[in-house]
Amino acid sequence: IEKNLKNAEEKLVQDKKSFETQKEKLSDIINLDVSTGYVFANPYVNVEIPRTVLEDLIQYTLERDQAYYEAKMATQLSLMQLTENYSLLEQQYGSKMGIISPYVQQVKNGQKIDSNAFKLSYDQFLTKIDKPWTGSWKILFIRIPKEWIKGQIDGVRYIEDEPYALYENALEYQDVLSEQQALKKELETQVRDNFESVVTARNSYLKLKEQCEESKKNLEKEQLLNAMGELSFEEYTDSKNQYEEQQIELLEALELYGSLLFS
């Protein structure tokens, strides 16, 4: 017993020295001397997060995650470009937009579209808007190409610099929206998994706590039996050592739970 006591005292001295060293490191990091005059919070916490707040935790995460914020901004910018380009073409071509309008609307609604079918329809759209200036007029023996009377912004000339801009905008928006949704799902899954880890850790701690309480009761009984001479001191010491080991395991379980909880 004296040997165990001495080992415990030596360990306590070492832990106190380590604690002072860590306080000095913390002081350097935060540029504030916390070596004296400060009381540190107990790192062992035992509060329970109810499952009813899980959705709030998910929403809290989505509102503050930098990567998800950037993904949302990229999606909003892409949608703005798609909407603006579509509006400009609609003003120019009117009802001719009906060929590609369903695809654009599907994309804006968050639905997946067949890019090949969209490309085929888009090519038909480009052909249709240029059709009035295809061919020629025959006057006597002379053929006059209709292209000659084509205005600077008539037909595909209005979009000749980037004829497929709207097509590319739609596919880009579909991609960035898909990335945003995938990231959102990943974050939601991460929060749910972490929450379940916290619940599992707490359940493990509570189970160990019950075992420790039961062991403490048995140890008290064995102490009386030892005093009455019905249990050897060696048997009592073995039970006591097992109880102490359980207490260490209980602290470690509580430490793990606290770490997950803070995280």
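1. The largest nonpolar core of this predicted model has 22 residues. Those with the most contacts inside this core are Leu82, Met97, Ile100, Phe118, Tyr122, Phe125 and Leu166. At least two core residues come from each of helix H3 (66-93), helix H4 (101-108), helix H5 (115-130) and helix H6 (165-227). H6 gives the largest share, seven residues.

2. A second core, separate from the one above, is made of ten residues. Among them are Ala201, Cys212, Leu250 and Leu254.

3. Phe125 deserves a look on its own. Leaving aside residues up to four places away in sequence, Phe125 touches Tyr93, Lys96, Met97, Ile99 and Ile100. Of these partners, Met97 and Ile100 are also listed with Phe125 among the residues that have the most contacts inside the largest core.

4. On aromatic rings: the whole structure holds ten aromatic pairs. One of them joins Tyr164 and Tyr167, with 6.2 Å from centre to centre and 75 degrees between the planes. This pair counts as edge-to-face because the angle is over 60 degrees. Tyr164 and Tyr167 also belong to a cluster linked by ring pairs, together with Tyr93, Tyr103, Phe118, Tyr122 and Phe125. Phe118, Tyr122 and Phe125 therefore appear both in this cluster and among the best-connected residues of the largest core, whose members are by definition buried.

5. Are the two partners of the edge-to-face pair buried or exposed? Tyr167 has a relative accessibility of 13% and so counts as buried, the limit being under 20%. Tyr164, at 26%, is partly exposed.

6. The surface carries a nonpolar patch of about 660 Å². Phe19, Leu26, Ile29, Ile30, Leu32, Tyr38 and Phe40 make this patch. Leu26 lies in helix H1 (residues 2-30). With a relative accessible area of 31%, Leu26 is partly exposed; patch residues need over 30%, so Leu26 qualifies on that count.

7. For the chain overall, there are seven helices and two strands. Read from the N terminus, the order of elements is α-α-α-α-α-β-β-α-α. Of the contacts with a separation of 6 or more, 70% are between residues 24 or more positions apart.

8. Buried residues account for 24% of the 263 residues. The exposed area of the chain is about 18800 Å², and 52% of that area is supplied by carbon and sulfur atoms.

Terms used
Residues are numbered from 1 along each chain as its sequence is written. This is a predicted model: local features need pLDDT of at least 70, side-chain atom pairs count only at pLDDT 80 or more; totals for chains, interfaces and linings use all residues. Side-chain values use heavy atoms; hydrogens and water are left out. Patches are made of residues with over 30% relative accessible area and no salt bridge: like charges are joined within 9 Å, nonpolar side chains (Val, Leu, Ile, Met, Phe, Trp, Tyr) within 5 Å. Accessible areas come from the Shrake-Rupley method with a 1.4 Å probe; for residues, only the protein chains shown count as cover. A salt bridge is a side-chain nitrogen of Lys or Arg within 4 Å of a carboxyl oxygen of Asp or Glu. Helices (H or I, at least four residues) and strands (E, at least two) are DSSP runs, numbered from the N terminus. Buried means under 20% relative accessible area, exposed over 50%, partly exposed in between (1.4 Å probe, protein chains only). Contact means heavy atoms within 4.5 Å. A nonpolar core is a set of buried Ala, Val, Leu, Ile, Met, Phe, Trp, Tyr and Cys residues joined through side-chain atoms within 4.5 Å. Rings of Phe, Tyr and Trp (its six-membered ring) pair if their centres lie within 6.5 Å; planes under 30 degrees apart count as stacked, over 60 as edge-to-face and the rest as tilted.
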